[in-house]
Amino acid sequence: MEPRLALALDVEDPKEAYNILEQLRDEKIIIKIGYLLFIREGSNLVKKIKNMGFGLFLDLKLHDIPNTVYNGVRSAVDIGVDYLTLHTLGGKEMMEKAVDAKRGSDLKLLGVTILTSHNEDYLKYLGTKYSLGQFVLKLAKTAVDLGIDGIVSSPFEVRKLKEEIERDFISVTPGIRFSKTDDDQKRVATPEFAVKEGADILVIGRPVLKAKNKKELIKEIQKKIQDVKTKA
Ligand code: C5P
């Protein structure tokens with residue numbers, strides 16, 4: 001798949017969100033919305049994103065009993081979500097039900113392994129003897145084997161995951177920056193690096209949201225991605 005860009009539309013004010021969407025009209029990008037906007041503005045925003053022709057990425061990281069997750073995935077299919085996240089820590093049965101719920105639709109399920117805000121202490125808390133790297137790989141492998149379509153990871157993990165997991169999957173990477181920044185993303189990489197490592201969807205938020213000319217910056221990133229692909 002050609003690498004694509006997903007804009008993390010992490011703004012609080014729905015008016016601002018609509019304004020940004022208008023500015024980016026006609027760009028072939030995916031719009032990622034999460035708790036911040038979805039809880040405030042849910043269905044109106046979803047309709048707008050879909051009507052404007054953007055891909056819709058709903059980042060709700062589902063984790064619940066299998067039947068509840070099944071119902072959540074069905075609702076996501078009904079409203080036209082293209083990409084939906086869930087926690088692979090939710091277990092095999094939960095993921096199987098999620099896969100059942102989207103069967104026959106175009107919705108892609110993206111598995112989150114261990115959040116980047118966690119470290120080895122969290123693994124102790126879970127009571128596992130695996131190292132962080134081993135545990136991420138085990139969760140990702142299990143998810144893909146069960147039919148989860150993609151895995152969210154840092155750009156630095158993509159290559160290993162793609163090498164170790166036999167089945168094809170969509171690699172989704174946040175933490176995209178153009179240079180070192182002082183925000184809370186610690187392990188950041190450039191769009192070119194992420195694509196070279198094998199990322200399929202690059203999630204980028206603040207650098208674009210802060211840009212004066214968002215459209216221009218998006219075009220620039222897309223050109224960088226394209227250049228890497230044509231050189232490869
Ligand atoms: O603004 P920034 O480019 O850091 O946005 C990255 C987006 O990706 C945010 O919406 C964040 O919640 C999400 N994300 C992340 N790290 C993960 C998983 C998701 O930054 N491990």
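## Helices H3 and H4

In this predicted model, helix H3 (residues 66–78) and helix H4 (residues 92–102) have axes that come within 8 Å and cross at roughly 30 degrees. Angles under 35 degrees count as roughly parallel, and H3 and H4 are therefore roughly parallel to each other. The crossing in which H3 passes H4 is right-handed.

On the side of H3, the residues that take part in the contact are Pro66, Val69, Tyr70, Val73, Arg74 and Val77, and they meet Glu93, Met94, Lys97, Ala98, Asp100, Ala101 and Lys102 in H4. Sorted by class, this contact of H3 with H4 comprises eight nonpolar and five charged residues, with no polar residues.

## The barrel

Eight strands close into a barrel, following one another in the order E1-E2-E3-E4-E5-E6-E7-E8, and their pairing is parallel. From one strand to the next, the twist averages 25 degrees.

## Strands E2 and E3 with helix H2

Within this arrangement, strand E2 (residues 30–33) and strand E3 (residues 55–62) run parallel and are joined by four bridges. One of the residues involved is Ile30, whose bridge partner in E3 is Gly55. Helix H2 (residues 35–51) packs on the sheet, where H2 touches both E2 and E3, and the direction of H2 makes about 155 degrees with that of E3.

Methods
Residues are numbered from 1 along each chain as its sequence is written. This is a predicted model: local features need pLDDT of at least 70, side-chain atom pairs count only at pLDDT 80 or more; totals for chains, interfaces and linings use all residues. Side-chain values use heavy atoms; hydrogens and water are left out. Axes are lines fitted to C-alpha atoms, for helices over the stretch in contact, and angles run from 0 to 180 degrees between N-to-C directions. Helices (H or I, at least four residues) and strands (E, at least two) are DSSP runs, numbered from the N terminus. Angles under 35 degrees count as roughly parallel, over 145 as roughly antiparallel, 65 to 115 as roughly perpendicular and the rest as oblique. A crossing is left-handed if the near helix is turned anticlockwise from the far one by less than a right angle, and right-handed if clockwise. Contact means heavy atoms within 4.5 Å. Ala, Val, Leu, Ile, Met, Phe, Trp, Tyr, Cys and Pro count as nonpolar, Asp, Glu, Lys and Arg as charged, and the others, Gly among them, as polar. Two strands pair if DSSP finds at least two bridges between them.
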